[in-house]
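Visitor: Please take me slowly through a single part of this model. I would like to understand how a helix sits among its neighbours and what follows it along the chain.

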Amino acid sequence: MTGFHRTALTGAAALAVALTSAPALFAQGELNLYSSRHYDTDERLYSDFEEMTGITINRIEGNADELLARMEAEGENSPADVLLTVDTSRLERAKDMGLLQSISSDVLETRIPDYLQDEDDEWFGFSQRARILFYDKDEVANPPQTYQDLASDEYEGMVCIRSGTNVYSQTILAALIEHLGEDAARDWAAAVVDNFARDPQGGDTDQLRGIVSGECDIAMSNTYYFARAIRKDVDGLSDSLEGIGWVFPNQDSFGAHMNLSGGGVAAHAPNRDNAIRFLEYLTSESAQEYFSAGNDEYPAVPGVALSPSVAELGFFKPDDLDHTAIAENVPAAQRIFNEVGWE
């Protein structure tokens, strides 16, 4: 993939659309969905699937750790058919806990790029968010152009960023471990700590609000928090967007880091066929476009149109590092955060 852009879907797209448009008689019954995606806009994804297939979706929602613990406790008696969650590390943890199963699907294999799916076909990515750098246009004349630049002495006391316990922080460091090596990644993390404008606190929107308030001049955030403030009013942010610039890092090397939202079929799924059908539906053109239009994310399927709020951020080169490799480096990333005092 060389970048995100708008193109028409052909070939495999027609196959996916045909599958999701089949008469309801081909797939009736239920689907028990365990989801840590907490977005009201996902309602459209579920209602469209129910209308297309006649399958009733029963949802259990909670944070990722709670859902994984619940599935583990339920064991072979778990009613879960599908787990949806955010971030590669959680998907890999579900796999390591034996909560997912390998599946065979030509639709998923064809539609989802290899680096966005588990090597054993236990989980698949369905949407993405780029983790990029934002800055105060009035205060930063020379914004960092790479993740490595964020460690420069030039930005001492200027950086707002999330806690080392946050999965977004863990996966960006895990990716840098893969690209740069563990020693260089540790040096980077230690230098970024020296550049903190404040102790890590809050979510990504709070990092962006820190630029507005003047508490920090540079922040790391996922793109969909900023794009959401373009699309609708976000308190303390939308009225000040004109003063914030952004950089997609490492465009001359490995590209901008991508966080993943995805899912897989539960290990003891009582409605396995319906579960696979649901995952295949999430790769359809309509579902992929809605991930962008409804929640300001980037589609996982190449070539799907972007919503205006996402497209406004511009074209860029995403990092196509295999997400299995990122997940494997998360324990090392957490260890480094502890060693350098990135709390």
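Guide: A residue is called buried when its relative accessible area is under 20% and exposed when it is over 50%, with partly exposed in between (1.4 Å probe, protein chains only). The model is predicted, so local features need pLDDT of at least 70 and side-chain atom pairs pLDDT 80 or more, whereas totals for chains, interfaces and linings use all residues. Residues are numbered from 1 along each chain as its sequence is written, and side-chain values use heavy atoms, without hydrogens and water.

Let us begin with helix H3, which runs over residues 64–74. Helices (H or I, at least four residues) and strands (E, at least two) are DSSP runs, numbered from the N terminus. Just at the start of H3 stands Asn63, which caps the N-terminal end of the helix. A side-chain oxygen of Asn63 lies 3.1 Å from the backbone nitrogen of Asp65, and a polar contact is a suitable donor and acceptor pair of N or O atoms within 3.5 Å.

Within H3, the buried residues are Ala64, Leu67, Leu68, Met71 and Glu74. Viewed down the helix axis, these buried residues fall within an arc of 130°, so they line one face of H3; the arc is taken from the directions that lead from the axis to the C-beta atoms. Glu72 and Ala73, on the other side of H3, are exposed.

What do the buried residues of H3 pack against? Their partners are strand S1 (29–35), strand S2 (55–61), strand S3 (82–86) and helix H4 (88–96), where contact means heavy atoms within 4.5 Å. Directly after H3 comes Gly75, whose phi is positive, near 55°.

Two of these partners, S3 and H4, lead to another point of interest, for the loop between S3 and H4 holds Asp87. Most residues other than glycine have a negative phi. Asp87 is not a glycine, yet its phi is positive, at about 95°. Asp87 is also buried, and its relative accessible area is 0%.

Elsewhere in the chain, Asp296 may be set beside this residue. Asp296 is located in the loop between helix H11 (285–295) and strand S9 (298–299). The phi of Asp296 is positive, about 60°, although Asp296 is not a glycine. With a relative accessible area of 0%, Asp296 is buried.

To return to the helix itself: H3 has a buried face, exposed residues on the other side, Asn63 as its N-terminal cap and Gly75 following it.
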